[in-house]
Amino acid sequence: MSLAGDYDGNNIFAKILRGEAPCVKLFEDEHVLAFMDIFPQSQGHCLVIPKNTTARNLLEFPADRLGTYFASVQKLATAVTKAFNCDGVIVTQFNGAPAGQTVFHLHVHIIPRYANLPLQPHHGGKPADLDVLREQAARIAAAL
Ligand code: AMP
């Protein structure tokens with residue numbers, strides 16, 4: 001599936017939103033859910049997904065909801081930088097398989113950068129230890 005296509009209600013993020021699949025949650029309100037990426041590109045890598053949408057990517061998301069969504073992304077990126085005292089932070093998202101998208105429910109990545117430390121690849125990295133992710137999620141939540 002790429003830029004064009006129908007929303008698959010059984011994609012992994014839809015299942016997480018319905019409580020049918022687990023995630024290491026760090027924040028939730030009526031608009032968004034934020035959780036740790038299980039294949040982190042760096043320590044503290046998390047994802048922010050909008051609720052109540054069938055947007056597979058940014059191009060399909062209603063413009064009048066972008067402000068609320070990105071306010072949450074900004075709030076979480078700020079908490080991540082405080083929690084990990086990182087030197088920089090990547091805030092990014094991918095639209096369509098050729099752009100690197102693998103899960104077709106709109107999501108934004110928050111990826112801390114540390115000076116002189118390389119990133120793990122966007123795909124094909126190592127899965128994280130769940131206890132480590134839980135500790136990191138708690139640290140971010142405490143910084144909110
Ligand atoms: P993208 O390639 O931009 O579509 O990103 C999808 C991201 O979701 C990747 O970074 C994956 O590591 C991550 N991911 C996939 N499944 C899960 C899951 N069950 N829990 C947390 N992160 C996931």
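These are my notebook entries on a predicted model of one protein chain.

**Entry 1: the chain as a whole**

I began with the secondary structure and counted three helices and five strands in the protein chain. Reading along the sequence, I wrote the order down as α-β-β-β-α-β-β-α. The radius of gyration came out at 14 Å, close to the 15 Å that the globule rule gives for 144 residues, so the protein chain is as compact as a globular protein of that length. For the outer dimensions I took the principal axes, along which the C-alpha atoms fill a box of roughly 40 × 30 × 30 Å.

I then looked up burial and found that buried residues make up 43% of the 144 residues. Of the contacts with a separation of 6 or more, 61% are between residues 24 or more positions apart. The exposed surface of the protein chain is about 7,400 Å², and carbon and sulfur atoms supply 55% of it. I also checked the charges: there are 12 positive and 13 negative ones, and their mean positions lie 3 Å apart.

**Entry 2: His109**

Is His109 buried or exposed? I placed His109 in strand β5, which spans residues 108-113, and its relative accessibility of 5% is under the 20% limit, so I count the residue as buried. Its side chain makes a polar contact with the side chain of His45, at 2.9 Å. Setting aside neighbours within four places in sequence, I listed the contacts of His109, among them Asp37, His45, Cys46 and Leu47, then the run Ile90, Val91, Thr92, Gln93 and Phe94, and also His122.

**Entry 3: Asn95**

I next went to the loop between β4 (88-92) and β5, where Asn95 is found. Which groups does the side chain of Asn95 reach? One is the backbone nitrogen of Leu58, at 3.0 Å, and another is the side chain of Gln93, with which Asn95 makes a polar contact of 2.9 Å. Beyond four places in sequence, I noted that Asn95 is in contact with Leu3, Asn57, Leu58, Leu59 and Gln101.

**Entry 4: Pro40**

Pro40 sits in the loop between β2 (32-36) and β3 (46-50). Although in a loop, Pro40 has a relative accessible area of 16%, and because this is under 20% I recorded the residue as buried. Leaving out neighbours within four places in sequence, I found Pro40 in contact with His45, Gln120, Lys126 and Ala128. His45 is thus a contact of Pro40 and also the polar partner of the His109 side chain. I looked up one distance as well: Pro98 is 58 residues from Pro40 along the chain, and their C-alpha atoms are separated by 20 Å.

**Entry 5: two asparagines with positive phi**

I kept in mind that most residues other than glycine have a negative phi. Asn52, in the loop between β3 and α2 (63-84), has a positive phi of about 55°. Asn116, in the loop between β5 and α3 (130-143), has a positive phi as well, near 70°.

Are these two residues buried or exposed? Asn52 has a relative accessibility of 65%, which is over 50%, so I count it as exposed. I count Asn116 as exposed too, because its relative accessible area is 81%.

Terms used. Residues numbered from 1 in each chain as written. Predicted model: local features only at pLDDT ≥ 70, side-chain atom pairs only at ≥ 80, totals over all residues. Heavy atoms only, no water. Helix = DSSP H or I, 4+ residues; strand = E, 2+ residues; numbered from the N terminus. Buried < 20%, exposed > 50% of the residue type's maximum accessible area, 1.4 Å probe, protein only. Polar contact = N/O pair within 3.5 Å; in protein donor to acceptor, adjacent residues only side chain to side chain. Contact = heavy atoms within 4.5 Å. Rg over C-alpha atoms; globule rule 2.2 N^0.38 Å. Areas by Shrake-Rupley, 256 points an atom, 1.4 Å probe, with all protein chains shown as cover. Lys, Arg positive; Asp, Glu negative; His and termini not counted. Charge placed at Lys NZ, Arg CZ, Asp CG, Glu CD.
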